[in-house]
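User: Could you walk me through this structure and show me how each label is earned? I would like to see the values set against their definitions.

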Amino acid sequence: MPPTKTPVRARRNGNGKAAVAPSPVRARPRTTTPQPSEEAYRERIKWSKWAWGSHCVDCYPSNCPFRVYVGKDGEVWREEQSGTYDTVEKGVPDFNPAGCQKGVTWHKLLTGKERVLKPLKRAGERGSGKWKEISWDQALTEIADHIIDAIEEQGPESVIRIGEPAEGGTQSLIYGSAIVNQIGGTVTDVQAEINDFSPGIYVTFGKFDPAASCDDWFHTDLMLCWQINPAYTSIPWYHFIAEGRYRGAEVVVVAPDFNPTAPHADMFVPVRIGTDVALANAMCQVIIEEDIADWKFVREQTDLPLLVRVDNERFLRGSEVDGGREDQFYWFDEKTQSVVEAPRGTLALGKRKPALEGVFKAKLKDGTTVKVTTAFALLKKMLNRDYTPEKAQKISGVSPDVVRTLARKAATKRTRMLMGWNSGKYYHGDLMERSMMLVLGLTGNWGKKGTGARSWAVGMFDGQFFAPNKPAPGQEITAAAMAGRDAMMDALRAEDPTLTEEMIGHEMAYRGAAMGGTVPPAFFWYYHCGYKEIWNKKTWGDVGMKRTFDQYFEEALAKGWFTGTVQPAATQEPRVIFEVGSNLLRRTRGGQNMLIKNLWPKLSCIITIDWRMNTTAMWSDYVLPAAHHYEKPNFCYSTPHIMHLTFSDRAVPPRGDSKEEFEIAVLLAKKIEERAKKRKFTQYTDAHGIPHNLEGMSDRLTLNGYYDTSDKLMDEMVRDSAVMGNLPEGTTLDTMREKGYVRFTGWGMSPMAIGQSSDIKEDETHAPFRWHTEKKVPFPTLTRRAQFYIDHDWFMEAGEQFAVHKETPAQGGDYPFHLTSGHPRWSIHSMNMTNKIILNTHRGHPFCYINTSDAEQRGVADDEVVELYNDMGKMKVALRVTPSVRPGELIIYNGFEPYQFDDWYDPANVEPGMVKWLAFAGGYGHLRYRGIHWQPVPIDRAIRLDVRKIAEKEAVGA
């Protein structure tokens, strides 16, 4: 904890740096006696000390540095934005002030009525709300016995930690899973649990996570806010968009509704719900038709020049031509007029000029010849046939003139697709994103400042994962481990010398996934949570499927595409669930409808570790009180969007009997050891054949007692990260406490970070993919290029070799309204929805936007409580009538707790939680599972509903 300090204010100095005012600032001598009101105010704002703070939650990208003030009574009474970020690049605005209305009222949560301060044990039926306070010793003893029972009866895989975005920051992220990892249990993949995946970006680039630093937004000339509403969701960083307009940038909002960002844009493009592919493909048709594409970029960076056999529409491969590699592909070189190998180790064209159109002949290894054309020729034919602006208008509703205007602008300007995580939540969101990436590919808009797509990425703080798992303390241990990793990478490179560091990292992750541990939860949902029946509803999914969902599911398993990741197995029943810093019953699509009915009866013990009583806690058996933000040392998510590691310190001790996640994990480990020894059950083998010993758990967690406090643990994380290349040499927890943040100096070892594929420069904004465009480093896809043509059997069966428009399925039944919002996860928004200050910024209760004409037709009024229903479930909510929402659309912005709705039924209960069957595809280059990447993810956009008056429903019932 820092010493007592006097508050300081940031100001700009001549070179744009954040200067600190001298402290204390002395006022001019008074000539009058202070008024009593002044003295009363001064007395109110006196404080005894301050600490660096932030909000280590998934309000991504977060990382806002705050000063947290503690009053004379020892309580946190306010916080303020520190405004201490330095300017990175000359001429580009800095990140200050960084914060939002939730952040500046955060201290209210420390003493909120929902705060849990003592361990609680259920004293009635689950969900009855009956609890009794118990000691930590009793709670941990009983939980330890439940864990040992589960291991003995069903195997360690039956003990599950639900993957989540670690709303407790580093402590929750690492030590929320520590026990489950130690015993060989199951941790479900956070990507599928929350679904912030960008499947179309992944299919295109072999990685889903380009994440430019937010200050790079300032360099953009054409900002396409497509599937995002940054005025709501990027409050601290929205100023870069507004400041870009002063520089001359144009901002375009593409959305079904006139959202809060639209009034601040230069153009609003209203698109019919779920038809974005038609709009993007029409733009591509114009770009090609008018010959305004960046043709050199297309030849160099994409798979469009690669040759495709005319007879079967599959890529021409080396295995066919000369018996070589299955992943060797070909061009037709215009200069030599011959079929040549497309290099696998570089994107550089050299002296070649790959043809984009034409029909050619290729000789196969058996001496026969086949006709080949290019992927581009097939693309052009499809676009001209199906996606002229006039034809696309009939699908999307967007005027051909608007399409042509957007296409021409994108082709001549530095264009960015500022995407949120909305498109990936549509059933055919992968197709939407693939078509949007095609616009960027045709116009040369990635790999330079101000361009590209936007998703999310983490990394650059490698020590947070390494320090807790190393065999002994000390940075020499870290250096030795890095040398061992380098040796493993060399071994993989020996198998294929063209592999890049990024590809090797992916390959290690692909192979490691088969060892279990962190697994895609789709199989858990299918076997144990009741989703098999839901996913097999034909009209709720892709109506063009040639076979049943189960047939694709079984084929994926039979072909070994998810070997080692089906955990718990179909024959194992889940027994114990840990929910740490998250809210399973709120976040899961299907919510209580699916989990309470199908999963809960199988569980012998449900443990929630949290600082508050949320909906999942209400249905748990034990609630263990966690220390709140400001009550523990912690770090925010580290992300390329911000390029800083942000520290949040312990301003006050944990309130009541609450404890830090690190301490909880260590105490539980000790209790498991104690109970295992007493029960004479200490050793066993998991389903992967890995032996486990319950003795020594706490020693392994603490490195034989070296980590005796979380401060020492955090310090080791920081020191390791400096050795691993993330942070400046000499960075320690003490240096972090001086400034509160530090800028990253290197990507380190994380594949997600390395996947940014750009050098970090001290005085420049970060733009992803510059290695691909400047150094010609290949992409980690099957073809080693941005891949727009996918000739996987399933994709061809679906007719989705290229991105094509498909209508969004009638998820939930054939009803007239589309619910286009959802995102039911536990985030900064929901944890603040019981904060009275935040409640006063809106209506103070859940509400649903509905179009004025729809409200009139249904005979419902503003703020009237109605029932939304479909074949999945129902919920009650007040209406907010507005013309800004298109007819047939409903919007409920994320944030409300289920217990704020009648009967605790929130939007999750009308969401079926469908997954797209194509996401089970594998065995194809980059279409393989690895953590946080390619896997089935749940859908919550464009759910079909109807609206009815409560009185009408009750009358029918009578």
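Analyst: Gladly! Six strands close into a barrel here, in the order E29-E33-E30-E32-E31-E34, with mixed pairing. From one strand to the next, the twist averages 45°, where axes are lines fitted to C-alpha atoms (for helices over the stretch in contact) and angles run from 0 to 180 degrees between N-to-C directions. Before we go on, please keep in mind that this is a predicted model: local features need pLDDT of at least 70 and side-chain atom pairs count only at pLDDT 80 or more, while totals for chains, interfaces and linings use all residues. Residues are numbered from 1 along each chain as its sequence is written, and side-chain values use heavy atoms, with hydrogens and water left out.

User: What makes strand E29 and strand E34 a pair?

Analyst: Two strands pair if DSSP finds at least two bridges between them. Strand E29 (residues 817-819) and strand E34 (residues 943-949) have three bridges in the antiparallel sense, so they qualify. As an example, Phe817 has Leu945 in E34 as its bridge partner. The strands themselves are DSSP runs of type E with at least two residues, helices are runs of H or I with at least four, and both are numbered from the N terminus.

User: Why is the contact between Glu43 and Lys72 called a salt bridge?

Analyst: The term asks for a side-chain nitrogen of Lys or Arg within 4 Å of a carboxyl oxygen of Asp or Glu. For Glu43 and Lys72 the N to O distance is 2.5 Å, so the pair meets the cut-off. This pair links distant parts of the chain, 29 residues apart: Glu43 is in helix H1 (residues 36-44), and Lys72 is in the loop between strand E4 (66-70) and strand E5 (76-81). Over the whole structure, a search finds 85 salt bridges.

User: Are Glu43 and Lys72 buried, partly exposed or exposed?

Analyst: Buried means under 20% relative accessible area, exposed over 50%, and partly exposed in between (1.4 Å probe, protein chains only). Glu43, at 38%, is therefore partly exposed, and Lys72, at 59%, is exposed.

User: How do you know that Asp196 and Lys425 form a salt bridge, and what does the pair tie together?

Analyst: Their closest N and O atoms are 3.0 Å apart, so the distance criterion is met. Asp196 sits in the loop between helix H5 (190-194) and helix H6 (199-205), and Lys425 in the loop between strand E18 (415-418) and helix H15 (429-443), so the pair ties together parts 229 residues apart in sequence. Asp196 counts as buried because its relative accessibility is 5%, and Lys425 counts as buried at 0%.

User: What makes Lys776 and Glu300 another such case?

Analyst: Their closest N and O atoms are 2.9 Å apart, so this is a salt bridge too. Lys776 lies in the loop between helix H30 (770-774) and helix H31 (793-798), while Glu300 is in helix H10 (residues 295-301), so parts 476 residues apart in sequence are tied together. Glu300 is buried, at 5% relative accessibility.

User: How do you know that Cys100 and Cys214 are in no disulfide?

Analyst: A disulfide needs a pair of cysteine sulfur atoms within 2.5 Å, and a search of the whole structure finds zero. For Cys100, the nearest cysteine sulfur is that of Cys59, 6.4 Å away, so the cut-off is not met. For Cys214, the nearest is that of Cys64 at 9.7 Å, so Cys214 is in no disulfide either. Cys100 is buried, with a relative accessible area of 17%, and Cys214 is buried at 0%.
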